[in-house]
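Trainee: I'm new to this one. Could you walk me through it with a few questions and answers?

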There are 2 protein chains.
Amino acid sequence: MSKKQLIMESALELFAQQGFDATSVQQITEHAGISKGAFYLSFKSKDELINGLIDHFMLSLISDIDQVVKNHETHTELLYEFYQAAFHTFQKHSDFAKIFIKEQSKTPNEELISKIHHYDKLIDNIILGMLDRIYSEENSQTRYDLIYCVKGFIHTYSHLILFFNVPLDLHTLSRSLAEKTALLAKHSETTFITEELYHTINEPFHVHVTKEQLLEMIEQKIEEVDDSTLKESLNLLKEQMIEPSLSPAIVKGLILNLNNHPACKQIAYLIQDCLEV
Amino acid sequence: MSKKQLIMESALELFAQQGFDATSVQQITEHAGISKGAFYLSFKSKDELINGLIDHFMLSLISDIDQVVKNHETHTELLYEFYQAAFHTFQKHSDFAKIFIKEQSKTPNEELISKIHHYDKLIDNIILGMLDRIYSEENSQTRYDLIYCVKGFIHTYSHLILFFNVPLDLHTLSRSLAEKTALLAKHSETTFITEELYHTINEPFHVHVTKEQLLEMIEQKIEEVDDSTLKESLNLLKEQMIEPSLSPAIVKGLILNLNNHPACKQIAYLIQDCLEV
DNA sequence: TATACTAATGACTGATTGGTCATTTGTCAA
DNA sequence: TTGACAAATGACCAATCAGTCATTAGTATA
């Protein structure tokens, strides 16, 4: 096992128990039996480790499920097989699943939030593809609602699997959920998530923000905030967006000023994206 | 508004944005426009604030929903009214709902975990009571599964309400979920969560651990751990449980030793409970 | 005005954090 | 045995944290 893998597995265990913030690099290195310096030979930072973990296990989880769904030819048992695959993967990588289910994406790590959003969309597509294959056009009115129901089922029942030490019959669970999903697909008629709503939600918000819109948002934010440092930082960044004149270090510093204030984190991220810092 | 309320509301806003760990007391006091010292006149610690917040808003949320369910006499619209109440409360207290939904209970705050578990059980009972009232004995086979489905529905759709800034028609959503719940109640036949399983899960685990069982668990843990400090601490605490001889300060210190190691936190909590430190 | 009291402050402490880097250790070929 | 290089170490640093406490500001009574 490579050192990187060793660190990742040690870290995963601790992250699942304590969360990202509450687990220190020191703890991880002690648990892995290496020194702190050795950690930083494998990873540039703690954030890089976290991002690496998410990428690695998320892709593994998604490809596991995707493979099962894609390779299953008959439609009769597809739902059952899907749930089986999902829950067995969760059980296999239970430490990661715990992190995934809790979605404790409250760390000031913007990259991680968009990463999770991205993987969430991949999962949506797997489920949607599966539902369309089984019900083709029958459930066109409720297909997006069905995605959310399936995800809701998985979420609640995963709690049982992950956080209680009781032996569970995943076969029966998958049967039960396949039955429920089929019931909803066939008989549910009320549409809540329309095609339009679904796409509004899933458009990555920052792609839609044009430079002009962002400038307006900055204007508005300047009015909102009280702190003079924030006001000035926003003003300078606004001018920088119109006509670049400041050095990269100054721009970075100004963005850091914004990041220090929670209400400005969102806009800081957008500005950073726009200025390509 | 009292100072306590002012702090709680300021804190809630920041907690919803950043989580408990990532929000410092300094930030809270700045946001509330008071000094750090003033904070500690109202709350003994940050943990006390967090626990107070959970208690206050959780009780408010639960009683809101409970009142609607209890006061609704006809059964025909009860499911719809329940979902309406739930989602409207979430929208009203959206900051708290964000915290509640994320359940970021990874803080090393054992009291908080059992608190959340307690409130979760209260919610279960409201849902179960409602389902039994509507379907009386019809759905005795699937009543516990239905609780989990209802909670799953609420969880997934709450994401839309809380984390996307899109205008949503909660009326249609509640209609849609009432329809789905009714479908499952009437036609779903497979039982996964049996009466027995449900009770196993909901018994607070530590009540079940007798002194003898705990002693055995300590024995086992001594074998598992490598660290000599942990081994010795466990041994001393084991002897303390059999025949008390150490001073409270020493016992506290030994338990702290265990708490420093994530794999021993669970057992540390149980020992602490048993020795009544 | 003087006194007594509470409310509020913010500089300070000790602990912990993520991250660095001069130093040591281990492993080769020559 | 030597020397050159890479791998690994852990003392150290600046930053940040929760929490404290000597001090000050504000207010009411005499």
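Mentor: Let's start with a term: a residue is buried if its relative accessible area is under 20%, exposed if over 50%, and partly exposed in between. Also keep in mind that this is a predicted model.

Trainee: Then is B:Phe43 buried or exposed?

Mentor: The cut-off for buried is under 20% relative accessible area. B:Phe43 has 3% relative accessibility, so this residue counts as buried.

Trainee: And which kind of aromatic pair do B:Phe39 and B:Phe43 form?

Mentor: A pair of aromatic rings is described by the distance of the centres and the angle of the planes. B:Phe39 is itself buried, at 0% relative accessibility. Its ring and that of B:Phe43 are 5.8 Å apart centre to centre, with 35° between the planes, and the pair is tilted.

Trainee: What about chain A: which kind of pair do A:Phe39 and A:Tyr40 make?

Mentor: A:Phe39 is buried, with a relative accessible area of 0%, whereas A:Tyr40 is partly exposed at 40%. Planes over 60 degrees apart count as edge-to-face. The ring centres of A:Phe39 and A:Tyr40 are 4.9 Å apart and the planes stand at 75°, so the pair is edge-to-face.

Trainee: Which residues do ring pairs link into a cluster in chain A?

Mentor: Over all chains there are 23 aromatic pairs. In chain A, ring pairs join four phenylalanines into a cluster: A:Phe57, A:Phe90, A:Phe96 and A:Phe100.

Trainee: On to the DNA. Which element gives the most to the surface near DNA strand D?

Mentor: 13 residues surround DNA strand D, with A:Lys3, A:Ser35, B:Val25, B:Lys36 and B:Lys46 the closest. Helix H3 (36–42) of chain A and helix H3 (36–42) of chain B each supply at least two residues of that surface. With 3 residues, the one that gives the most is H3(A).

Trainee: Which residue has a side-chain N or O atom 2.6 Å from a base oxygen of DNA strand D?

Mentor: Start with the phosphate contacts: the side chain of A:Ser35 has an N or O atom 2.9 Å from a phosphate oxygen of DNA strand D. B:Val25 has a backbone N or O atom 2.9 Å from a phosphate oxygen of that strand. The base oxygen is 2.6 Å from an N or O atom in the side chain of B:Lys36.

Trainee: For DNA strand C, how far is the polar side-chain atom of A:Lys46 from a phosphate oxygen?

Mentor: A:Lys46 is among the residues that come nearest to DNA strand C, out of 14 around it. A:Val25 uses a backbone N or O atom, 2.9 Å from a phosphate oxygen of DNA strand C. For the polar side-chain atom of A:Lys46, the distance to a phosphate oxygen is 2.6 Å.

Trainee: How many residues of the surface near DNA strand C are polar?

Mentor: That surface divides into three classes. Its nonpolar residues number 5, its charged ones 3, and its polar ones 6.

Trainee: Last one: what relation do chain A and chain B have?

Mentor: A turn of 179° with a shift of 0.0 Å along the axis lays chain A on chain B, with an RMSD of 0.2 Å. That is the relation of a two-fold axis.

Trainee: And which residue of chain A comes closest to the rotation axis?

Mentor: The copies meet through the same surface, because 98% of the interface residues of chain A are also interface residues in chain B. The C-alpha closest to the rotation axis lies 2.1 Å from it, and it belongs to A:Gly152.

Terms used
Residues are numbered from 1 along each chain as its sequence is written. Chains are lettered from A and ligands numbered from 1 in the order in which they are written. This is a predicted model: local features need pLDDT of at least 70, side-chain atom pairs count only at pLDDT 80 or more; totals for chains, interfaces and linings use all residues. Side-chain values use heavy atoms; hydrogens and water are left out. A residue is near a molecule or strand if one of its heavy atoms lies within 4 Å of it. A polar contact is a pair of N or O atoms within 3.5 Å; within protein, one must be able to donate a hydrogen and the other to accept it, and residues adjacent in sequence count only if both atoms are side-chain atoms. Helices (H or I, at least four residues) and strands (E, at least two) are DSSP runs, numbered from the N terminus. Copies are superposed by least squares on the C-alpha atoms of residues with pLDDT of at least 70 in both. Contact means heavy atoms within 4.5 Å. Ala, Val, Leu, Ile, Met, Phe, Trp, Tyr, Cys and Pro count as nonpolar, Asp, Glu, Lys and Arg as charged, and the others, Gly among them, as polar. Rings of Phe, Tyr and Trp (its six-membered ring) pair if their centres lie within 6.5 Å; planes under 30 degrees apart count as stacked, over 60 as edge-to-face and the rest as tilted. Buried means under 20% relative accessible area, exposed over 50%, partly exposed in between (1.4 Å probe, protein chains only).
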